[in-house]
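Student: I have a protein model open in front of me, and I would like to understand the labels people put on its parts. Could you take me through them?

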Amino acid sequence: GGTTASNTGGVVGGGQIGYNFQFNSFVIGAETDFQGTSITGGNQGNYAGLYNSPYLGSNTGLLSPLVTGNGGNLGLPWFGTVRGRAGYLVTPTLLLYGTAGFAYGDVTVFQRSNTSTGWTAGGGAEWLFAPHWSAKLEYLYVDLASSGINGAYTGWELGNNHHPQINVVRAGLNYHFNWAAPAPVVAKY
């Protein structure tokens with residue numbers, strides 16, 4: 001057993017594309033996004049005096065969040081999601097929604113890279129402030145599956161599993177093409 005103190009954070013930026021279908025006050029759809037990040041983490045660990053490191057070998061089954069020990073460096077250079085979305089129009093131009101689906105990302109440890117997959121869920125609000133234009137505020141929880149990154153590092157084996165769990169709060173600006181609509185309608189989401 002052991003303890004860690006972590007410091008993890010960064011900035012996320014990217015793009016998305018999706019399709020929504022509206023019937024009455026309900027909106028359902030699907031979207032995918034991809035973003036680059038500056039998310040990195042580092043920590044100092046104390047593992048019962050064993051090695052002062054979370055790297056105890058490939059047979060330990062040890063899980064760690066987005067942190068590493070002894071000044072190590074763990075990062076998430078990019079990630080993406082493919083999600084379903086369902087919401088309710090509380091006004092003709094304000095949508096409250098929930099979203100969930102598949103997530104993937106590049107987890108790096110000591111310059112070793114490994115693409116991991118997992119799931120995501122969250123919700124948000126989107127406001128249609130002009131014909132074809134909306135602004136949104138969204139929260140996503142991204143949980144990438146454990147990914148073992150093995151290899152020698154200063155004599156120790158990197159055999160533990162890293163289990164990135166990311167909380168993302170993001171603001172966005174969307175353009176709505178409304179290809180199915182005969183003409184732009186201000187009150188139509």
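Tutor: Gladly! Keep in mind that this is a predicted model. Ask me about any label and we will set the value against the rule.

Student: How many helices and strands does the chain have?

Tutor: The chain has zero helices and 13 strands. Read along the sequence, the pattern is β-β-β-β-β-β-β-β-β-β-β-β-β. Of the 189 residues, 37% are buried.

Student: Why is the contact between E126 and R85 called a salt bridge?

Tutor: The rule asks for a side-chain nitrogen of Lys or Arg within 4 Å of a carboxyl oxygen of Asp or Glu. For E126 and R85 the N to O distance is 2.8 Å, so the pair meets the rule. E126 sits in strand β7 (residues 112-130) and R85 in strand β5 (residues 74-91), 41 residues apart, and the pair links distant parts of the chain. Both E126 and R85 are buried. By this rule, the count is eight salt bridges.

Student: What makes E138 and K136 a salt bridge?

Tutor: Their closest N and O atoms are 3.6 Å apart, and the limit is 4 Å, so E138 and K136 qualify. Both of these residues are buried.

Student: Which residue in strand β13 is paired with E138, and what does that pair tie together?

Tutor: That residue is R170: it lies in strand β13 (residues 165-175) and E138 in strand β8 (residues 133-144), so the pair ties together parts that are 32 residues apart in sequence. The side chains of R170 and E138 meet in a salt bridge with an N to O distance of 2.8 Å. R170 and E138 are both buried.

Student: Which residues are linked with E138 in a network of salt bridges?

Tutor: The network links E31, D33, R83, K136, E138 and R170.

Student: What makes the phi of N24 worth pointing out?

Tutor: Most residues other than glycine have a negative phi. N24 is not a glycine, yet its phi is positive, at about 55 degrees. You will find N24 in the loop between β2 (12-23) and β3 (26-46). H132 has a positive phi too, of about 75 degrees, and is not a glycine either. H132 lies in the loop between β7 and β8.

Student: Is N24 buried or exposed, and how do you know?

Tutor: Exposed means over 50% relative accessible area, and N24 has 71%, so N24 counts as exposed.

Student: And is H132 buried or exposed?

Tutor: Buried means under 20%, and H132 has a relative accessible area of 16%, so H132 is buried.

Student: Why is the pair of W133 and Y175 called edge-to-face?

Tutor: Ring centres must lie within 6.5 Å to pair, and planes over 60 degrees apart count as edge-to-face. The rings of W133 and Y175 have centres 5.0 Å apart and planes at 70 degrees, so the label fits. W133 is in strand β8 and Y175 in strand β13, so this pair ties together parts that are 42 residues apart in sequence.

Student: How do you know that W133 and Y175 are partly exposed?

Tutor: Partly exposed covers what falls between under 20% and over 50%. W133 has a relative accessible area of 35%, so W133 falls in that range. Y175, at 40%, does too.

Student: How is the pair of Y175 and F177 classed?

Tutor: With ring centres 5.0 Å apart and planes at 80 degrees, Y175 and F177 are edge-to-face, because the angle is over 60 degrees. A search of the whole structure finds ten aromatic pairs. F21, F23, F26 and Y88 form one aromatic cluster.

Student: Which ring does R85 lie over?

Tutor: R85 lies over the face of Y97, 4.5 Å from the ring centre.

Student: What can you tell me about the lining of the second largest pocket?

Tutor: The lining has 23 residues, of which V12, G13, Q35, V168 and R170 lie nearest the centre of the pocket. β1 (3-9), β2, β3 and β13 are the elements that give two or more residues to this lining. The largest share, ten residues, comes from β13. By type, the lining divides into eight nonpolar, twelve polar and three charged residues. The volume of this pocket is about 390 Å³.

Definitions and conventions
Residues numbered from 1 in each chain as written. Heavy atoms only, no water. Helix = DSSP H or I, 4+ residues; strand = E, 2+ residues; numbered from the N terminus. Buried < 20%, exposed > 50% of the residue type's maximum accessible area, 1.4 Å probe, protein only. 1 Å grid on protein atoms, 1.4 Å probe; cavity = no way out; pocket = protein on both sides within 12 Å on 5 of 7 lines; lining within 4 Å. Points joined across faces, edges and corners; volume = space filled by probe spheres on them. Nonpolar A, V, L, I, M, F, W, Y, C, P; charged D, E, K, R; others polar. Phe/Tyr/Trp six-rings, centres within 6.5 Å; stacked < 30°, edge-to-face > 60°. Lys NZ or Arg CZ within 6 Å of the ring centre and 35° of its normal.
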